[in-house]
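Thanks for making the time this morning. I would like to walk through one model with you, taking a helix, then the metal site, and then a single side chain.

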Amino acid sequence: MGYVRWLGHATFEVELDGYLVLIDPWLTNPASPVSIEEYKDKVDLIIVTHDHGDHLGEAVELMKLNPKARLAAVYEIANDVAAKLGQSESNRVIGANIGGPLKMDLDLKVLFTPAAHSSEKGVPTGVVIIGKEATIYHAGDTGLIAEMQFIGELYKPDIAMLPIGGHFTMDEVQAAKAVELIKPKVAIPMHYNTFPVIQADPEKFKKLVEEKGLGTKVVILKPGEKYSF
Ligand code: NI
Ligand code: MN
């Protein structure tokens, strides 16, 4: 049994095949129900979709609190994290790019996908995590992109976490179209209501998805809540 737990904004705690994975670990976001200290010596893998502060979050601090954890990100972002951690820790930082699965010493398949957004360094991404228990797609910050159809066809995600807040990313309407392209079993909205500029209505997203008759279940989590699989 694994789960996806929303920690507010784009931050998720994922338990998959016994691994604890943090995606976009901004644990100090205004909606976060957790503290950084709770994750000491618990995390196996940290994934950063791009280096905006609301996604890189406390990744460096968490790597220091978790001496066995790996961090995966696009090459230039990974290099920056490695430099902040110091030379002796750089073997724990996996610099990769958009394409096929990463070569790494964890028994999970992780691959970065395109995202239409910006990034200080490298390029913005989404991420697909494939375990035995489930396949999970976290879209990162992105506008609606046609590549989502390929992600759906190739990896058939069980769960897709999609931004709906608008302004910097897709809104409810575009995210519902994304669901049509990806066809996940479950869609979880994220990246909304953290700040006034990304106010959005997850119920509107749910209704728009249901109107398409795709069979995708929209699961609206409150910060701290889990969807178990
Ligand atoms: Ni961003
Ligand atoms: Mn963001």
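Before the helix, a term: by a polar contact I mean a pair of N or O atoms within 3.5 Å, where, within protein, one must be able to donate a hydrogen and the other to accept it. Please keep in mind throughout that this is a predicted model.

With that cut-off in hand, look at the start of helix H5, where Asp 171 caps the N-terminal end, with a side-chain oxygen 3.2 Å from the backbone nitrogen of Val 173. At the other end, H5 is followed by Lys 183, which has a positive phi, near 50 degrees. Within the helix, which spans residues 172-182, the buried residues are Glu 172, Ala 175, Ala 176, Ala 178, Val 179, Leu 181 and Ile 182. As background to that pattern, an α-helix has 3.6 residues a turn, so residues three or four places apart point the same way. The cover over the buried residues of H5 includes strands S9, S10 and S11, along with helices H4 and H6.

Now to the metals. The nickel ion, ligand 1, has as its protein donors His 50 through NE2, His 52 through ND1, His 117 through NE2 and Asp 141 through OD, at 2.2 to 2.3 Å. The angles subtended by these 4 donor atoms run from 90 to 176 degrees, and the arrangement is therefore irregular. Since water is not among the atoms, the site may look incomplete. His 50 and His 52 are both buried.

For the manganese ion, ligand 2, the protein donors are Asp 54 (OD), His 55 (NE2), Asp 141 (OD) and His 191 (NE2), lying 2.1 to 2.3 Å away. Along the chain, these donors follow the spacing D-H-x85-D-x49-H. Asp 141 lies in the loop between S9 and H4, whereas His 191 lies in the loop between S11 and H6, so this pair ties together parts that are 50 residues apart in sequence. Asp 141 and His 191 are both buried. How far apart are the manganese ion and the nickel ion, and which residue coordinates both? The distance is 3.3 Å, and the shared residue is Asp 141.

Finally, a side chain in strand S2, residues 12-16, namely Glu 13. Glu 13 has a relative accessible area of 3%, which means that it is buried. Its side chain makes a polar contact of 2.5 Å with the side chain of Tyr 39. Beyond its neighbours within four places in sequence, Glu 13 also has contacts that include Tyr 3, Arg 5, Leu 20 and Leu 22.

Definitions and conventions:
Residues are numbered from 1 along each chain as its sequence is written. Chains are lettered from A and ligands numbered from 1 in the order in which they are written. This is a predicted model: local features need pLDDT of at least 70, side-chain atom pairs count only at pLDDT 80 or more; totals for chains, interfaces and linings use all residues. Side-chain values use heavy atoms; hydrogens and water are left out. Donors are N, O and S atoms within 2.8 Å of the metal (3.2 Å for Na, K and Ca); water is not among the atoms, so sites may look incomplete. Four donors count as tetrahedral if all angles lie between 85 and 135 degrees; four count as square planar and six as octahedral if opposite donors are over 155 degrees apart and all others between 65 and 115; anything else is irregular. Buried means under 20% relative accessible area, exposed over 50%, partly exposed in between (1.4 Å probe, protein chains only). Helices (H or I, at least four residues) and strands (E, at least two) are DSSP runs, numbered from the N terminus. Contact means heavy atoms within 4.5 Å.
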